[in-house]
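Me: I would like to go through the labels on this model one by one. Please back each label with its value.

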Amino acid sequence: MDSTIFWLAMALVLLIEGFMPFVSPGTWRQTFLQILKLSDGQLRFFGLCSLLLGVALIWWLA
């Protein structure tokens with residue numbers, strides 16, 4: 001894998017992560033507070049779903 005592709009992917013992650021706090025900080029804050037109220041099991045479930053989706057996308061695109 002070319003290092004340029006890696007850094008482009010990291011830049012895309014930063015763009016996506018920074019979009020909501022920049023555009024609507026109040027909504028982002030409320031969403032974050034709701035996430036903090038989730039149980040460990042719920043957080044693990046969403047983490048697992050994210051991991052599986054990421055692996056599936058990498059497998060499909062590579």
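Reply: Start with the pocket, and keep in mind that this is a predicted model. The largest pocket is lined by Ile 16, Glu 17, Met 20, Pro 21, Trp 28, Thr 31, Phe 32 and Ile 35. H1 and H2 are the elements that give two or more residues to this lining.

Me: How much space lies in the largest pocket?

Reply: About 190 Å³.

Me: What makes a residue count as part of the lining of a pocket?

Reply: The test is distance. Lining residues have an atom within 4 Å of a point of the pocket. Trp 28 and Thr 31 are among the residues listed for the largest pocket.

Me: How do the residues of this lining divide into nonpolar, polar and charged?

Reply: Six are nonpolar, one is polar and one is charged. Glu counts as charged, so Glu 17 of the lining is the charged one. Pro counts as nonpolar, so Pro 21 of the lining falls in the nonpolar group.

Me: Why is Pro 21 called partly exposed?

Reply: Its relative accessible area is 29%. Buried means under 20% and exposed means over 50%. The value for Pro 21 lies in between, so the label is partly exposed. Pro 21 sits in helix H1. Its C-alpha atom is separated by 24 Å from that of Leu 53, 32 residues apart along the chain.

Me: Why is Gly 18 called partly exposed?

Reply: Gly 18 has a relative accessible area of 33%. The partly exposed class runs between the 20% and 50% cut-offs, so Gly 18 belongs there. Gly 18 is also in helix H1. The C-alpha atoms of Gly 18 and Leu 51 are separated by 20 Å.

Me: How do you know that Phe 45 is partly exposed?

Reply: Phe 45 reaches 49% relative accessibility. Exposed requires over 50%, so Phe 45 stays partly exposed. Phe 45 belongs to helix H3. Between its C-alpha atom and that of Asp 2 the separation is 32 Å.

Me: Which residues make the nonpolar surface patch, and which helix gives the largest share?

Reply: The patch covers about 1000 Å². Phe 19, Met 20, Phe 22, Val 23, Trp 28, Phe 32, Leu 33, Ile 35, Leu 36 and Leu 43 make it. H1 (3-23) and H2 (25-36) each supply at least two of them. H2 gives the largest share, five residues.

Me: What makes Leu 43 accessible enough for the patch?

Reply: Patch residues need over 30% relative accessible area. Leu 43 has 38%, so it passes that cut-off. Leu 43 is placed in helix H3 (residues 40-61).

Note on methods. Residues are numbered from 1 along each chain as its sequence is written. This is a predicted model: local features need pLDDT of at least 70, side-chain atom pairs count only at pLDDT 80 or more; totals for chains, interfaces and linings use all residues. Side-chain values use heavy atoms; hydrogens and water are left out. Patches are made of residues with over 30% relative accessible area and no salt bridge: like charges are joined within 9 Å, nonpolar side chains (Val, Leu, Ile, Met, Phe, Trp, Tyr) within 5 Å. Accessible areas come from the Shrake-Rupley method with a 1.4 Å probe; for residues, only the protein chains shown count as cover. A salt bridge is a side-chain nitrogen of Lys or Arg within 4 Å of a carboxyl oxygen of Asp or Glu. Helices (H or I, at least four residues) and strands (E, at least two) are DSSP runs, numbered from the N terminus. Buried means under 20% relative accessible area, exposed over 50%, partly exposed in between (1.4 Å probe, protein chains only). On a 1 Å grid over the protein atoms alone, a cavity is a set of points where a 1.4 Å probe fits but cannot get out, and a pocket is an open set with protein on both sides within 12 Å along at least five of seven lines; lining residues have an atom within 4 Å of a point. Grid points are joined across faces, edges and corners, and a volume is the space filled by probe spheres set on the points.
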